[in-house]
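Here are some exercises to work through with the model open beside you. Try each task before reading its solution.

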Amino acid sequence: TSAADEAEPKSYSDLLSTLPARGGWVSLVQYQNYWLNPGRLQHIIPVKELYKPRADDIILATYLKCGTTWLKALAFAITTRGRHHHAGAFAADDGGDHPLLTVHPQEAVPHLEVHTPGQGLADIEMLQSPRLLGTHLPLSLLPPAVVATSGSGCRVVYLCRQPKDVFVSLWHFVMDMRGGRSPVEMDAALSMFCEGVSPFGPVWEHYLEYWKESLARPEQVLFMRYEEMVADPVRAVKTLAGFFAVPFTEEEERAGVPEEIVRLCSFETLSGLESNRTGDLDCGDNTVIGKSTFFRKGKVGDWENHMTKEMGKKVDDVFEEKLKGSGLVF
Ligand code: A3P
């Protein structure tokens, strides 16, 4: 089938009926080793065919709940800083006019798999270079050209997070999305998570694909951890700017620009803004997500407040086993 055929919703319902399915905490179907939301297949599958990477694209790739919103905000603030550098622009409480003070980070940076089906990623094509693009897709569901060694490859930042905190964050997110309808036992959800049955899971496969690529092509794939960003956000911002080939000048560093970006994109600042507290994000197909859902606690180690030691050990054991020999350790 051609790309155009694949973009026809009809073929997705045919495809759907052939895929292994699981219910439980979320409905999922298994496609090419990953568990995906069946209603989103028509957004997810065409990306591999239709997304044409440009050499100056920057892809922000994450598993769910690993800090996508934060990374989007930071990357946006870093790469557009030339346009918003006047004094006071970043001031959340004092008349600043930075776009992130009024636009949700998830909207400031578009997501590759959130497009109008059948339109050939027109929204993404229309964007001017250099483009910042977010995605939750595993590397193997992106076009191979993304990490090609020849000219077409673009830069990818991958952000991962300690899996126990990912699970707790995801569980809250899913419960929020269900809006109180038939709550799911955390234990049952955890068992599925540890089986790999979570949206875009198995999580370890998602991590590993990007991890291996970051080892093979460090100049193209930057692998980061949420916990490291929390521990030293200024350093993370400088690393990102360097990777984006727009390092901070000495003058910017003296003026405290990296620190200003960290403050603007902090959980405290972003979660307090009206534009991030109210309203919904439109994900197409009548799917909306409350803008505030992307800001919960923003802490490292919150799993301890929700999971027993035994539950924590279960996650640790699975990840230790699955990541064995890769060099990736949590
Ligand atoms: P918690 O649920 O643990 O609080 P994503 O953006 O990938 O969906 O991830 C959401 C997680 O990142 C949530 O974690 C959320 O609170 C946290 N988060 C959102 N904005 C953040 C920020 N500016 N700094 C740190 N963490 C942030």
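**Exercise 1. Find the loop that holds Pro 202, and describe the peptide bond that leads into Pro 202.**

Step 1. Pro 202 sits in the loop between helix 9 and helix 10; helices (H or I, at least four residues) and strands (E, at least two) are DSSP runs, numbered from the N terminus.

Step 2. The peptide bond from Gly 201 to Pro 202 is cis, with omega near 0°.

Step 3. For a second case, go to the bond from Ser 129 to Pro 130, which is cis with omega near -10°. Pro 130 belongs to the loop between helix 7 (122-125) and strand 5 (132-135).

Before going on, note that this is a predicted model, in which local features need pLDDT of at least 70, side-chain atom pairs count only at pLDDT 80 or more, and totals for chains, interfaces and linings use all residues. Residues are numbered from 1 along each chain as its sequence is written, and side-chain values use heavy atoms, leaving out hydrogens and water.

**Exercise 2. Work out which residues of helix 9 are buried and what covers them.**

Step 1. Helix 9 spans residues 186-195, and its buried residues are Met 186, Ala 189, Leu 190, Met 192, Phe 193 and Cys 194. Buried means under 20% relative accessible area, exposed over 50%, partly exposed in between (1.4 Å probe, protein chains only).

Step 2. Their cover includes strand 1 (21-22), helix 8 (163-178), helix 10 (203-216) and helix 17 (309-323).

Step 3. Just past helix 9, Gly 196 has a positive phi of about 100°.

**Exercise 3. Describe the positive phi values of Gln 32 and Ala 245, and say whether each residue is exposed or partly exposed.**

Step 1. Most residues other than glycine have a negative phi.

Step 2. Gln 32 has a positive phi of about 45° and lies in the loop between strand 2 (28-31) and strand 3 (34-36). With a relative accessible area of 45%, Gln 32 is partly exposed.

Step 3. Ala 245 has phi near 65°, in the loop between helix 12 (233-243) and helix 13 (250-255). Its relative accessible area is 55%, so Ala 245 counts as exposed.

**Exercise 4. Trace the contacts of Ser 169 and Phe 173.**

Step 1. Ser 169 is in helix 8, and Phe 173 is in helix 8.

Step 2. Ser 169 is buried because its relative accessibility is 12%. Phe 173 is buried, with a relative accessible area of 12%.

Step 3. Leaving out residues up to four places away in sequence, Ser 169 touches Lys 65, Arg 161 and Arg 296, where contact means heavy atoms within 4.5 Å.

Step 4. With neighbours within four places set aside, Phe 173 contacts Lys 65, Ile 289, Thr 293 and Phe 294. Phe 173 and Arg 296 are 123 residues apart in sequence, yet 8.9 Å apart in space, C-alpha to C-alpha.

**Exercise 5. Characterise the surroundings of the ligand.**

Step 1. There are 18 residues around the ligand (a heavy atom within 4 Å). Those that come nearest are Lys 65, Thr 68, Thr 69, Ser 169 and Lys 297.

Step 2. Look at the backbone next. A polar backbone atom of Gly 67 is 3.1 Å from an oxygen atom of the ligand, and a polar backbone atom of Phe 267 is 3.3 Å from a ligand nitrogen atom.

Step 3. Taken alone, the ligand exposes 570 Å², of which the protein buries 97% (Shrake-Rupley method, 1.4 Å probe).

Step 4. Helix 5 gives the largest share of the shell around the ligand, three residues.

Technical notes
A polar contact is a pair of N or O atoms within 3.5 Å; within protein, one must be able to donate a hydrogen and the other to accept it, and residues adjacent in sequence count only if both atoms are side-chain atoms.
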